[in-house]
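Thanks for making time this morning. I would like to walk you through one structure, going place by place, and I will try to be careful about what can be said of each.

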Amino acid sequence: MKLLHPLIIASAVILPSFGSATDIKGLTAGSLKDAAAEVDKKETTLTLSGTMNAADFSFIQDNFNDLTSLDLSNVKIVSYSGSRLPYTGLSKSADDALPAYSLTGLSRLKELKLPAGLKSIDKGALSGTGLISITLPSGLETIGEYAFLRCNNLEKISIPASVHSIGERAFAYCGNLTSVAIASNMNLPSIPEGMFEASGIKNLNLKELAGCSEIGPWALAECRGLVTLVLPENVRNIGESALNGTSSIQMLSLPASTDYIADNAMANMTGLTEFDASQVSNVPYLGENVWRNIAQKDVTLIAPDELIDDFREADQWKEFNVIPLAESTIDIVNTASNAKLLTIKRNGNQIIIKANQPLQTVSIYNAAGHLIARANTPKTSTNFNTSGWTKGVYLIVSEAGIAKVSI
């Protein structure tokens, strides 16, 4: 590893790197160009420390297109104000912010370590990079629009609770992004426009985002691999085309607070078989073509008993197979290839499961795929107490197959 210091760069002996690592210490803002004057621009790994500004990032983008690893963990990013920079076009950037478009398009960059004190990832800063995963600092507050747009190799990301602002399409078109963890106590007022549009997410639980009242337009559109989705419990509005094309979701529950579902919000959700609206207090208002291209007559809509007539008479809603909550908990019988029969009843706060042959294990999962309860004693009858469980659809898994029940 070559160790370079900007104060002694003139006397350093620089050897061809051929893909080796370079460590440049003691940077001052704007000095990277001079400090790295004799560094092979085919370098694949850079470790930097000291202070940097937008001009230094512009230099990296212009000169180190082969980078696969960049370590900024010991860097303090400071503000920039000056002439317009090449590539980024910036003339100003803030302290503790990864400048806008600063690493855009570095498609070979697989690993990036960010400064611990980073507060903001600005507009498009990491769009089009080759990142596979990244750890966001615990004090990060803002993720700008398009920040990770088209990071095609990005597989997982965890967003810390400190983040309170995310720009539109921050993670859009990340086709391999299958795992997203969002801190439950994050104060995020809405899921922004196109946030995960056309990403590869498979499961997403947003229930604990208590301050989130809106799913923005196109927020989860064309997430065709999305299988389970739990919406924030205080959502009021679901924006235009918010779930358009999420064709793998089979069951979806509306939060009790839902007031309005906008144009095409759930169009092309062709995998939908059950829509649970049993928690709402009023029939939500609808925009146009909310369920375009869905065979609504083949989809069961569970409505509150007291609103059953309202749902059956309302435009667009009435096209579903509307049933009251009471009817959604009638006996369910599944026959598996081993000829075991499973009968499920709900009686007050009890789910009663009976089989014609002993079952080794019976497990209950919620709509997000989380295990809620399990019985391991081999017998033909098992009871589960549902006191304290959230209303919604649950899956009952045993050797007799998979059944579902609403509570």
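Ala198 lies in the loop between β15, residues 190–191, and β16, residues 203–205. Please keep in mind from the outset that this is a predicted model, and that every value I quote is computed from it. What drew my attention to Ala198 is its backbone, for its phi is positive, at about 55°, although the residue is not a glycine. As background, most residues other than glycine have a negative phi. As for its surroundings, Ala198 counts as partly exposed, because its relative accessibility is 22% and the buried class ends under 20%.

Asp96 makes a useful companion, since its phi is near 55°, again a positive value in a residue other than glycine, and its place is in the loop between β6 and β7, the latter being residues 97–98. Is Asp96 buried or exposed? With a relative accessibility of 18%, Asp96 counts as buried.

Staying with loops, Thr88 is found between β5, residues 80–81, and β6, residues 92–93. Thr88 also counts as buried, at 12% relative accessibility. If we set aside its neighbours within four places in sequence, the residues in contact with Thr88 are Gln61, Ala100, Tyr101 and Ser102.

Gln61 brings us to helix α2, which spans residues 54–63 and, together with β3 and β4, makes a right-handed β-α-β unit. The two strands of that unit are paired directly, as seven bridges join β3 to β4 and the strands run parallel; within this pairing, Met52 stands opposite Ile77 in β4. On β3 there is also a pairing with β2, residues 21–27, where five bridges join the two strands, again in parallel, and Ile24 stands opposite Leu48 in β3.

Now to the interior. In soluble globular proteins, nonpolar side chains tend to be buried together. Here the largest nonpolar core has 92 residues, and those with the most contacts inside it are Ile121, Ile143, Phe148, Phe196 and Met266. Strand β4, residues 69–77, which we have just met in the β-α-β unit, supplies the largest share of this core, namely four residues. Which residues does Met266 touch, once those up to four places away in sequence are left out? Its partners are Ile238, Leu243, Leu252, Leu254, Ile261, Phe275, Val290, Trp291 and Ile294. Apart from the 92-residue core lies another one, of 17 residues, including Leu359, Ala373, Ala400 and Ile407.

For those of you who think about cysteines, a search of the whole structure finds zero disulfides. Why does Cys174 not form one? The closest cysteine sulfur, in Cys151, is 5.1 Å from that of Cys174, which is too far for a bond. Cys174 counts as buried, at 0% relative accessibility, and Cys212 likewise counts as buried, at 0%.

Let me finish with Lys345, which is found in strand β27, residues 341–347. Lys345 is partly exposed, with a relative accessible area of 44%. Along the chain, Lys345 and Val405 are 60 residues apart, while their C-alpha atoms are separated by 8.5 Å. I will stop there and take your questions.

Technical notes:
Residues are numbered from 1 along each chain as its sequence is written. This is a predicted model: local features need pLDDT of at least 70, side-chain atom pairs count only at pLDDT 80 or more; totals for chains, interfaces and linings use all residues. Side-chain values use heavy atoms; hydrogens and water are left out. A nonpolar core is a set of buried Ala, Val, Leu, Ile, Met, Phe, Trp, Tyr and Cys residues joined through side-chain atoms within 4.5 Å. Buried means under 20% relative accessible area, exposed over 50%, partly exposed in between (1.4 Å probe, protein chains only). Contact means heavy atoms within 4.5 Å. Two strands pair if DSSP finds at least two bridges between them. A crossover is right-handed if, with the strands pointing away from the viewer, the path from the first strand over the helix to the second runs clockwise. A disulfide is a pair of cysteine sulfur atoms within 2.5 Å.
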